[in-house]
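Let's take a walk through this structure together, one stop at a time. Keep the 3D view open as you read.

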Amino acid sequence: RDARASESLGYLRCLSGTVAALRAGALGGVPREWSMTCVRQGREWRGVFGQLTDDGILVRLQYAFRGDRGDRGVLTRDPIDTSVVNGTARALLRGLSAPLPGAGRFEFTPVPLPQDKFIEVWFLPMASTPVRAVVGGDSLIQMSADGGRELGHGRSTPPIRTVSVPLEGARWTLASSEDRLPTVSELLIAHMAIDLVPEVRVVTRQYESILTRGRPGWTHRKR
């Protein structure tokens with residue numbers, strides 16, 4: 001789940017960064033009929049625009065996020081794995097056609113995450129800042145690797161609630177809704193919060209997981 005949360009954060013930052021560049025005119029003239037998605041290519045995320053056809057998507061423009069934090073966007077024509085782009089774009093169309101959690105009271109977005117042999121489409125809260133954020137509502141559709149066929153979907157979702165992260169302080173604790181493992185949306189907010197406070201703790205009923213700024217990975221201990 002932590003890997004899904006980290007990938008989702010990369011996707012959401014790519015999405016918001018690409019949209020911001022588009023609105024600022026940094027991408028030039030982009031036809032309204034082009035579709036957009038974000039994919040990981042090697043060590044960077046790319047916002048990809050293209051034309052959808054019966055055979056997939058024709059890549060027309062790429063905006064790559066580079067640098068130590070992946071926050072520097074540049075136009076690029078470097079090669080990209082078009083099979084991943086095609087599968088992600090098709091899976092995203094399925095996600096956009098599905099009802100979003102929260103019945104319109106909260107802002108959610110479908111996040112397509114390619115795996116080795118299939119694509120997961122997670123529905124997660126859309127948050128640009130964790131200061132006041134939404135957790136819960138996580139749901140999932142599993143698609144075939146080409147994004148053209150639904151393989152299954154999750155049958156339950158955690159409760160939706162709002163949380164607030166302090167802008168300063170030594171530590172922030174997030175009480176999870178789960179017994180053992182935090183949800184993907186909880187871990188997503190934890191990774192965002194580590195930019196605001198040096199230490200984040202996510203506490204389920206059985207475990208406490210600690211994320212410390214500057215240290216790799218989590219520390220876990222039984223409660």
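Val165 sits in the loop that runs between strand 10 (161–164) and strand 11 (172–175). Keep in mind as you look around that this is a predicted model. Is Val165 buried or exposed? Its relative accessibility is 4%, and since buried means under 20%, Val165 counts as buried. Now find Pro31, which is 134 residues away from Val165 along the chain. In space, the C-alpha atoms of Val165 and Pro31 are separated by 39 Å.

Next, hop over to His153, which belongs to strand 9 (residues 150–153). With a relative accessible area of 45%, His153 is partly exposed, because that label covers values between 20% and 50%. What does His153 touch, once you set aside its neighbours within four places in sequence? The answer is Leu140 and Ile141. There is also a polar contact to look for: the side chain of His153 pairs with the side chain of Glu150 at 3.4 Å. For another sense of distance, try Ala24, which is 129 residues from His153 in sequence. Going from C-alpha to C-alpha, His153 and Ala24 are 37 Å apart in space.

Now for the cysteines. How many disulfides does a search of the whole structure find? It turns up 1, and that bond joins Cys14 to Cys38, with an S to S distance of 2.3 Å. Cys14 lies in helix 1 while Cys38 lies in strand 1, so the pair ties together parts that are 24 residues apart in sequence. The torsion about the S-S bond of Cys14 and Cys38 is about -85°, which makes the disulfide left-handed. Cys14 and Cys38 are both buried.

Our last stop is the second largest pocket, which holds about 350 Å³ of space. Its lining is made up of 18 residues, and Leu15, Val19, Met36, Leu92 and Leu96 are the ones that lie nearest the centre. Which elements give two or more residues to this lining? They are helix 1 (2–23), strand 1 (35–41), helix 2 (82–97) and strand 5 (108–114). Helix 1 supplies the largest share of the lining, with 5 residues. You've met two of these elements already, as helix 1 holds Cys14 and strand 1 holds Cys38. Sorted by class, the lining of the second largest pocket has 13 nonpolar residues, along with 3 polar and 2 charged ones.

Terms used:
Residues numbered from 1 in each chain as written. Predicted model: local features only at pLDDT ≥ 70, side-chain atom pairs only at ≥ 80, totals over all residues. Heavy atoms only, no water. 1 Å grid on protein atoms, 1.4 Å probe; cavity = no way out; pocket = protein on both sides within 12 Å on 5 of 7 lines; lining within 4 Å. Points joined across faces, edges and corners; volume = space filled by probe spheres on them. Helix = DSSP H or I, 4+ residues; strand = E, 2+ residues; numbered from the N terminus. Nonpolar A, V, L, I, M, F, W, Y, C, P; charged D, E, K, R; others polar. Buried < 20%, exposed > 50% of the residue type's maximum accessible area, 1.4 Å probe, protein only. Contact = heavy atoms within 4.5 Å. Polar contact = N/O pair within 3.5 Å; in protein donor to acceptor, adjacent residues only side chain to side chain. Disulfide = S-S within 2.5 Å.
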